[in-house]
Amino acid sequence: MIDSTSPVRSGCGRRTREGTRLVRRTSSLTDDLFVKLEARIRSGEMPPGSRFPAQKDICAAENVSRTVVREASARLAAQGLTTSRQGSGVFVAATAAYRAFQVTREELGELADVIKLLEMRLAIETEMAALAAARRTTANIGEIRAALQRMAEVSEDAEAAAQADIAFHLAIARATQNDYYVRLIDFLGLRLVPPRSLYLRDQSAESHRAYAALVRIEHDAILDAIVRMDPPRARDAARHHMQESLSRHSELSEIAQLRDAD
């Protein structure tokens, strides 16, 4: 066991920080090394099919511990950037140049970022609703209704309401009978629902209730079109919902910009 008051070894044989700070330090070094190695792969400096440097060589070149190198290497493998060949070593994966689409929660901290996502959702949600209207089953309708009911029951709880909102969109995705829509909506998850706290920050409880009521009306229109198996109406209802959400957030963004300019 390492005494928390005694120095510990980091680097390649070099003493650095105390044991109480080792975990935080190692995590930071791992993040830094992962980003650096990922950049070398993405840029083509380490092309697909090339042999990945041995851990001891990375350790010496970057002046970090074997633990840091091992954890950064594990992340690269988990993301499909490297692959192991039994008896031959580690190589840069043939598909390493491919970068999967990603939107992280950290990227949605500002209204301008949420607006960009809403613009993308406008195309996705409208066609998804139309397909759902054409292909839905009775079971699908039950799932969509249940999600809306849940939203009404937890409307005072922003986090629970967001989860119910996600369930509503995921139920519509399932109604398309297209697994790719389901996978896309499931992947995006909370990213698809603009944080209510971001839109309604500094607003009264009445504003929260009014917002929830508007969203409920828009969602009801989508559901009604899907129930009636009317793809054009479902498409229009989904487009209206997304455009209204986009307008609300755009207006709030303009107000914030004017306030910051004063």
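The following paragraphs describe the nonpolar cores, one partly exposed arginine and one kinked helix in a predicted model.

The largest nonpolar core comprises 29 residues, and those with the most contacts inside it are Ile144, Phe168, Ile172, Ile222 and Ile226. At least two residues of this core are supplied by each of the helices H4 (111-135), H5 (138-153), H6 (158-175), H7 (179-188), H9 (205-227) and H10 (231-261), with the largest share, seven residues, coming from H6. When residues up to four places away in sequence are not counted, Phe168 touches Ile144, Ala147, Leu148, His219 and Ile222. A second core, separate from the one just described, contains 17 residues, including Leu29, Leu33, Met46 and Phe52. In soluble globular proteins, nonpolar side chains tend to be buried together.

Arg150 is located in helix H5 and is classed as partly exposed because its relative accessibility is 41%, a value that falls between the limits of 20% for buried and 50% for exposed residues. Once neighbours within four places in sequence are left aside, Arg150 is in contact with Ala160 and Ala164. The C-alpha atom of Arg150 is also separated by 9.2 Å from that of Ala167, the two residues being 17 residues apart along the chain.

Helix H4, which contributes at least two residues to the largest core, has 25 residues and spans 35 Å from its first C-alpha to its last, close to the 36 Å expected at 1.5 Å a residue. A kink of about 35°, centred on Arg121, is nevertheless present in H4.

Definitions and conventions
Residues are numbered from 1 along each chain as its sequence is written. This is a predicted model: local features need pLDDT of at least 70, side-chain atom pairs count only at pLDDT 80 or more; totals for chains, interfaces and linings use all residues. Side-chain values use heavy atoms; hydrogens and water are left out. A nonpolar core is a set of buried Ala, Val, Leu, Ile, Met, Phe, Trp, Tyr and Cys residues joined through side-chain atoms within 4.5 Å. Buried means under 20% relative accessible area, exposed over 50%, partly exposed in between (1.4 Å probe, protein chains only). Helices (H or I, at least four residues) and strands (E, at least two) are DSSP runs, numbered from the N terminus. Contact means heavy atoms within 4.5 Å. The expected span of a helix is 1.5 Å times one less than its number of residues. The bend at a residue is the angle between axes fitted to the seven residues ending there and the seven starting there.
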